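Open the model in your viewer and keep the sequence panel beside it. The stops below go from one side-chain pair to the whole chain and then to a surface patch.

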Amino acid sequence: MTPRPSVSTPRAIGASLLPLLLGLCAAMILELSIPQGSYVEKILFDIGVNVILAVSLNIVNGLTGQFSIGHAGFMALGAYGSIVVTYYGGYAIFGDVLKHTTLSGYSLYFVSLIAGGLVAAAAGWVVGLPSLRLRGDYLAIVTLGFGEIIRVVLQATPPVLYPSEMAAVPGWERVLHLGGALGFSHGQSYNSLGWTYAAVVVMLLVAYRLRESTHGRAFLSVRENEIAAEAIGVNTTRYKVAAFVIAAFFAGIAGGLFAHQLGAGTASRPEEFNFMKSFEAVIMVVLGGMGSITGATVAAIALTLLTEILRSVQDYRLVAYSLLLIVVMILRPKGLFGTREIWDFFRKKDQP
């Protein structure tokens with residue numbers, strides 16, 4: 001019997017390292033070439049966050065064939081978890097809540113992104129373990145309920161502590177002060193295009209390598225026929241939960257990036273992570289093609305730009321947005337790319 005290939009071999013690691021380095025270099029070039037505070041920078045921020053959100057949801061909805069519509073809940077946990085680290089953690093380390101443009105300051109931001117992702121991943125495991133034994137509409141209802149519960153709980157949290165109030169509050173209690181319905185007003189913008197698109201590169205590379213691995217084949221087998229996958233020894237529940245946790249982790253990263261791209265005087269509010277945010281991510285996955293990484297990426301870019309283009313006709317923007325989606329789904333019922341990637345079309349043309 002021929003041994004199965006592994007994604008951990010030196011050849012696979014080398015194949016992943018070069019695209020990663022090239023992608024990180026491209027992210028830094030993008031940051032240096034776009035003026036800070038410009039309208040173009042804001043659009044690129046939104047595109048980067050939406051790409052991470054769509055591709056991460058594609059791991060659940062596309063690769064494993066599940067139907068989750070509560071992805072904004074994980075994004076919210078990542079956003080608030082990340083802010084807690086930079087705000088309250090920054091006060092504990094530096095004695096203030098200001099942005100520190102030093103190695104220590106940006107290291108704190110990096111830790112905050114990972115912490116936000118881990119908080120979201122933990123929630124994904126807690127919710128996914130019992131609920132992913134469900135299928136179809138039942139799973140969608142559970143994930144929708146989870147997202148709404150997160151939003152309501154965040155709305156009920158106490159106000160954010162001012163620096164002058166922190167000394168009188170124990171450290172474990174500070175993290176519960178998240179601002180309630182008014183949002184978490186932190187006033188510091190750690191994020192940049194370099195950080196955002198470095199995360200995009202990592203997300204795309206992880207999604208691609210995961211799909212091409214033996215674990216990715218197991219995900220696809222669950223999507224195609226769960227009973228047959230069980231029959232050949234695939235632990236479908238374990239793989240569904242694993243996909244849920246991975247997707248939640250990167251949704252948390254997207255939330256942390258989103259929360260820290262806000263300028264001074266703004267706040268991350270629970271209403272920004274409502275059902276419509278989850279629905280937008282689902283649309284991006286369905287429009288791009290269920291299971292297609294490049295499809296989800298292209299759809300995220302296109303819908304983000306479309307939202308901005310139609311902003312001038314504010315009263316009819318949502319109507320035009322919906323009509324365009326209906327037309328695309330009629331013409332391409334499987335999405336723009338179906339289950340294929342963009343390079344598959346070029347390979348097909350090369351065949352005799």
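A polar contact is a pair of N or O atoms within 3.5 Å, and within protein one must be able to donate a hydrogen and the other to accept it. Keep in mind that this is a predicted model.

Select His 100 and Asp 96 and show their side chains. A polar contact of 2.8 Å joins the two. His 100 sits in the loop between α3 (71-94) and α4 (103-131). Next, add what His 100 touches beyond the residues up to four places away in sequence: Phe 94, Gly 105, Tyr 106 and Tyr 190.

Now select the whole protein chain and colour by secondary structure. The chain has 15 helices and 0 strands. Of its 352 residues, 50% count as buried. Among the chain's contacts with a separation of 6 or more, 80% are between residues 24 or more positions apart. Switch on the surface: the accessible area of the chain is about 17300 Å², and 69% of that belongs to carbon and sulfur atoms.

With the surface still shown, select Val 313, Tyr 316, Val 319, Leu 323, Ile 326, Val 327, Ile 330 and Leu 331. These residues form a nonpolar surface patch, with about 830 Å² of accessible area together.

Finish on one member of that patch, Val 313, in the loop between α13 (293-309) and α14 (317-331). Is Val 313 buried, partly exposed or exposed? Val 313 counts as partly exposed because its relative accessibility is 39%, and partly exposed lies between the cut-offs of under 20% for buried and over 50% for exposed.

Terms used. Residues numbered from 1 in each chain as written. Predicted model: local features only at pLDDT ≥ 70, side-chain atom pairs only at ≥ 80, totals over all residues. Heavy atoms only, no water. Patch = residues over 30% accessible without salt bridge, like charges linked within 9 Å, V, L, I, M, F, W, Y side chains within 5 Å. Areas by Shrake-Rupley, 256 points an atom, 1.4 Å probe, with all protein chains shown as cover. Salt bridge = Lys/Arg side-chain N within 4 Å of Asp/Glu carboxyl O. Helix = DSSP H or I, 4+ residues; strand = E, 2+ residues; numbered from the N terminus. Buried < 20%, exposed > 50% of the residue type's maximum accessible area, 1.4 Å probe, protein only. Contact = heavy atoms within 4.5 Å.
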